[in-house]
Each structure stands twice: as structure tokens, then as C-alpha cells.
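Hi,

Here is the model I promised to send over. Have a look at it first, and my notes follow underneath.

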Amino acid sequence: MTNDGTKEKMNDKRVDTAYDQLPGATPSAHIDAKILAAARDAVAGDDNHPNVGLSRYRWIGLAATVVLAIGVLLNIPGMPLAPTTQSSAETADLDTVSEDDAIVVTADARQPASLEAYDAVTPEANRVSQEVGLERRRRPLPPPDAIDRTAGFEAPEPVADTELEMLVSAPAIPAETMNGAQQMTVLELEEVSEESLEALKSSASSRESARSRAATVAENEIESIDSLVDKVVDLWQDGKEHEAVLMYRSLVKANPDVEFATYEAQFPKDLLAALAEQTKPAESP
Amino acid sequence: MDATVSDQSLMLRYQAGDADAFEMLYARHRDSLFRFLRRQCESDAVAEELFQDVWLGLIRGRSNYKPDATFRTFVYRAARNRLIDHYRKSGRRGTLSAVVESDATEVVDEAPVGPEEVAIGEQALQQFSLALAALPEEQKTVFLMFKESGMSLAEVATTMEATIEATKSRLRYAVTKLRTALDGGQNDE
């Protein structure tokens with residue numbers, strides 16, 4: 001047993017010796033350099049880019065920001081308006097609304113009595129019309145045929161925004177009783193009415209201010225009812241029958257508490273007839 | 001760098017960004033790991049490719065290293081896995097014959113002279129090399145890993161994902177076959 005164990009141990013030693021005498025093998029210097037360089041680059045990469053995934057997200061965020069900025073600057077549809085552009089657009093829209101609505105309602109606002117009446121309500125009415133203008137600006141352009149029809153109208157006359165506010169709430173007039181220009185007027189009137197309602201409903205925060213503005217406008221309107229009724233008569237006498245009817249109807253609708261029978265007693269008979277004639281078809285449907 | 005620093009500490013330092021620690025690790029295991037691979041491959045080129053794959057994989061997966069296992073276990077397991085992949089791709093087993101036939105004589109001439117070395121002649125060494133190449137894969141891997149890595153039998157067993165008894169048995173079979181080859185095939189297993 002001892003001899004066998006000694007012989008086995010010696011043979012193991014022989015195995016070790018034989019193994020050690022096998023040809024040596026080492027990797028080439030090229031492989032060494034490649035591996036060590038890769039190890040150093042990996043560590044350097046960690047230092048420079050600790051999180052590659054996060055870096056990608058940063059690039060994506062940066063690209064999205066640039067695209068958004070370009071969209072805002074160029075006013076691409078679907079992009080938000082630039083703050084500076086928006087403020088200037090509000091001023092521009094104020095003028096635009098006045099001119100556009102002058103097409104809709106051609107009232108004579110150059111009379112001194114009317115101007116005095118409108119001075120009190122102009123600031124509040126301007127704000128509301130400004131909101132209407134913003135909403136209108138955001139809506140798509142009308143179809144080309146609508147533009148062509150509008151182009152046939154006479155040059156717009158200046159009109160106070162108070163009238164616009166009153167006309168916004170005017171009831172619909174049957175299309176069969178109107179000529180082409182009147183139909184366009186009603187279409188425009190309805191459009192403005194929708195826009196003003198949308199503007200008023202745009203946010204909960206603006207509702208309270210809108211209500212207070214409406215109350216102020218209503219008070220001022222009551223004070224100027226006499227002059228407005230006079231203006232209706234003047235319009236009728238100037239031959240602007242349709243405008244006179246529209247104005248009077250919106251005046252009546254905007255002031256349900258006012259007893260207009262006393263005013264109507266002073267109206268010309270043909271004006272009363274026209275009012276009665278346009279009221280009947282409107283109520284029938 | 002202090003030579004007494006453990007492999008695990010060096011690897012952790014490399015994880016933390018110390019490239020010098022990696023160089024130390026590489027220098028420690030470069031030759032033995034390459035021999036482990038070369039003696040199971042058919043050529044230097046294949047061995048270098050596998051060797052490079054092992055180290056680059058270690059570099060890429062450095063964040064996955066945990067000091068609960070020894071570095072040797074970590075790196076030799078990776079080397080074994082590369083070998084298995086290579087065997088699957090090539091469809092054949094590695095052989096030592098080419099190395100032995102080309103270099104055995106020269107190496108024997110340069111070997112230090114001693115009582116045992118003198119006893120091992122050129123023919124016996126060639127028989128030994130052929131026997132090593134002819135070992136079953138598991139026995140050869142266990143033998144080479146045990147000889148080259150310096151790991152204990154338990155660590156080899158862990159690396160091979162086998163029991164200690166099975167690993168010991170494979171090693172004993174391998175040594176017996178190699179010893180028989182040295183004796184010229186006269187000893188029985």
C-alpha cells in the first residue's frame with residue numbers, strides 16, 4: 001500500500017512535470033493592447049457618459065423643444081401661439097373685429113348723440129370683442145365662395161362694439177324673408193354669436209369677469225336705451241330698414257325688462273309693420 | 001500596485017473606474033487563462049479570439065460582478081462558456097495535437113533538468129500530449145482548470161457547476177489516463 005501510494009504520488013509528480021513541459025502559449029501583444037485599450041475606454045466612457053439611455057432622452061427632449069419653438073415662431077397650425085405674437089395679435093384682432101363687424105351691421109355711429117352714449121360702454125365692450133376676435137382668429141378661414149360674397153359688400157363703416165354685443169343676441173330671421181346681403185348678415189351674426197359664447201365659456205375663471213362685464217354693459221345699455229331707440233328710428237328713416245329692425249330686435253332681446261311699447265308708440269307705422277312682419281315667420285317654426 | 005491585493009478588490013476597483021486595477025488583474029491571469037483556452041482549441045487564432053471575447057465580456061459585464069464569488073471562478077466560468085459556444089459552432093472538439101507535434105521537441109530541450117524531467121523522454125511527452133487531447137471534455141476541462149487557475153477542487157467544482165465528488169472523480173480519471181500515457185500505456189487504470 002505504501003509502495004503503491006508512493007508510486008502514485010510520484011506519478012502525479014510526473015504528470016505535473018510533463019504538463020509543465022508542454023509548449024507554452026501566450027496571447028499576442030496585439031491582443032493585449034486591444035483588451036487593455038477596451039478596458040480603459042470603457043472606464044473613460046463611464047466618466048464621460050454615466051448613463052447613455054438618459055443622454056438619448058435628453059436629445060429627444062431637446063429636439064422636441066426645438067420643433068415646438070419653430071412651430072410657435074412660424075405659427076404652424078396646431079402649435080401654441082407665441083406670447084409676443086399673441087399680444088400683438090390681440091391688438092390687431094381688435095381692429096379686425098371692428099372692421100369685419102362693420103360689414104355685418106352698418107350702423108351710423110358718427111352722430112354725436114350716439115357717440116356719447118357709446119363712450120361709457122366702449123372699454124368693456126372692447127374687451128369682449130377682443131375675446132371674440134381671438135376666437136375668430138383661431139377658427140379656419142371661410143370657404144372661398146363666402147369670401148367672394150363678402151367682397152361684394154360696400155365699404156365698411158365704423159361701428160361701436162356695443163352694437164355688436166346687442167346684435168350677438170339677436171334672434172334668427174327666416175332666410176326666405178331676406179335678400180342675399182341680409183342672409184350673409186345673419187350668417188355672420190350667428191358666427192359672431194357663437195364665437196362670443198365660446199369665448200365666454202372658454203374658462204371658468206373668465207366667467208365671473210364676463211358676468212360682471214355683462215352687468216355693466218346692461219346698465220349702460222339701459223341708460224342709453226332712449227338714444228338707441230332714436231337711432232333705430234334714424235336708421236329707418238335713412239333707408240337702412242334691415243339694420244334698424246335688427247338693432248331694435250336685439251335691443252328688445254337684450255333688455256327684456258324694459259317696456260318698449262312706449263317707444264313703439266312713437267315709431268313710424270311702416271317700421272312697426274316691418275317689425276311685425278319679421279316677427280311672425282320667426283315664431284312660426 | 002500591491003501584489004497582495006485580492007482579485008476581488010481589484011475587480012471592485014475597476015468597477016469604480018480604476019483602469020490600473022484591471023491591468024493588474026489582466027497580468028495575473030493572462031497566461032494561465034490563455035493556456036487553459038489554447039489547450040482546448042485547435043489553433044492560436046481561435047484561442048486568441050476566445051481569449052479576447054472572455055476579457056471583453058468581462059469588461060462589458062463589469063457592473064454584474066459581485067464579490068460573493070472569487071474572480072477566478074468568475075473569469076474561468078466565462079472562459080468555459082465561451083469554449084462551449086465555440087464547440088457548438090464548430091461542431092468539433094478541441095485538440096492538442098497540433099501544438100504538441102510542432103513544439104514538443106523544442107520545449108523538452110529547453111526544460112530544466114531534474115530527476116523527473118530526465119525520466120520523461122520526448123516520446124513519453126508526446127504520448128502525454130496526445131492523451132491530454134484525447135481526454136473527455138469534462139475531464140480535460142477539470143484537469144486544465146485545476147492546473148492553470150490555481151483554484152481549489154471546491155472552486156473548480158463551483159465553476160463547473162458540479163459536485164465536489166464528481167469533480168474529484170473527473171480529475172482522478174484524467175490524471176490516471178495521463179499517467180498511463182507517460183508509462184507508455186503499460187499501466188492499467
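**What I found**

Buried residues account for 36% of the 189 residues in chain B. Keep in mind as you read that this is a predicted model. Chain B has 10 helices and zero strands, so to speak an α-α-α-α-α-α-α-α-α-α pattern when read along the sequence. Looking at contacts in chain B between residues at least 6 apart in sequence, 62% of them join residues at least 24 apart.

Chain A is built from helices too, with 14 of them and zero strands. From the N terminus on, its elements run α-α-α-α-α-α-α-α-α-α-α-α-α-α. Of the 285 residues in chain A, 25% are buried. For contacts in chain A with a separation of 6 or more, 83% come from residues 24 or more positions apart.

**Where the chains meet**

The contact between the two chains takes 33 residues from chain B and 26 residues from chain A. On the chain B side, the elements that give two or more residues are α2 (19-38), α3 (44-60), α5 (97-110), α6 (115-119), α7 (122-134) and α10 (164-182). Which of them gives the most to the side of chain B that touches chain A? That is α2(B), with nine residues. Sorted by class, this side of chain B has 19 nonpolar, three polar and 11 charged residues.

**Helix α8 of chain B and its partners**

I spent some time on α8(B), which covers residues 137-149, and on how it packs with two other helices of chain B, α9(B) and α10(B).

Start with α9(B), residues 153-160: its axis and that of α8(B) come within 10 Å and cross at roughly 130°. An angle between 115 and 145 degrees is neither roughly perpendicular nor roughly antiparallel, which makes α8(B) oblique to α9(B). The crossing of these two helices, α8(B) and α9(B), is right-handed. From α8(B), the contact uses Thr141(B), Val142(B), Met145(B) and Phe146(B), and from α9(B) it uses Leu153(B), Val156(B), Thr159(B) and Met160(B). By class, the residues in this contact of α8(B) with α9(B) are six nonpolar, two polar and no charged.

Now for α10(B): α8(B) packs against α10(B) at an angle of about 90°, with the axes 8 Å apart. The two helices, α8(B) and α10(B), are therefore roughly perpendicular to each other. On the α8(B) side you will find Glu138(B), Gln139(B), Lys140(B), Val142(B), Phe143(B) and Phe146(B), which meet Thr167(B), Arg170(B), Leu171(B), Tyr173(B) and Ala174(B) of α10(B). Here the residues of the contact of α8(B) with α10(B) divide into six nonpolar, two polar and three charged. Val142(B) and Phe146(B) appear in the contact with α9(B) and again in the one with α10(B).

**One residue to look at**

Arg80(B) sits in helix α4 of chain B, residues 71-90. Is Arg80(B) exposed or partly exposed? It counts as partly exposed, because it has 19 C-beta neighbours inside 10 Å, and a buried residue would need 20 or more. Leaving out residues up to four places away in sequence, Arg80(B) touches Thr141(B) and Thr159(B). Those two threonines also belong to the contact between α8(B) and α9(B). Arg80(B) and Met160(B) are 80 residues apart along the chain, yet their C-alpha atoms are separated by 8.2 Å.

Best wishes

Notes:
Residues numbered from 1 in each chain as written. Chains lettered and ligands numbered in written order. Predicted model: local features only at pLDDT ≥ 70, side-chain atom pairs only at ≥ 80, totals over all residues. Helix = DSSP H or I, 4+ residues; strand = E, 2+ residues; numbered from the N terminus. Buried ≥ 20, exposed ≤ 12 C-beta atoms within 10 Å, placed from the backbone. Contact = placed C-beta atoms within 7 Å. Nonpolar A, V, L, I, M, F, W, Y, C, P; charged D, E, K, R; others polar. Axes fitted to C-alpha atoms, helices over the stretch in contact; angles between N-to-C directions. Parallel < 35°, antiparallel > 145°, perpendicular 65-115°, else oblique. Left-handed = near helix turned anticlockwise from the far one by under 90°.
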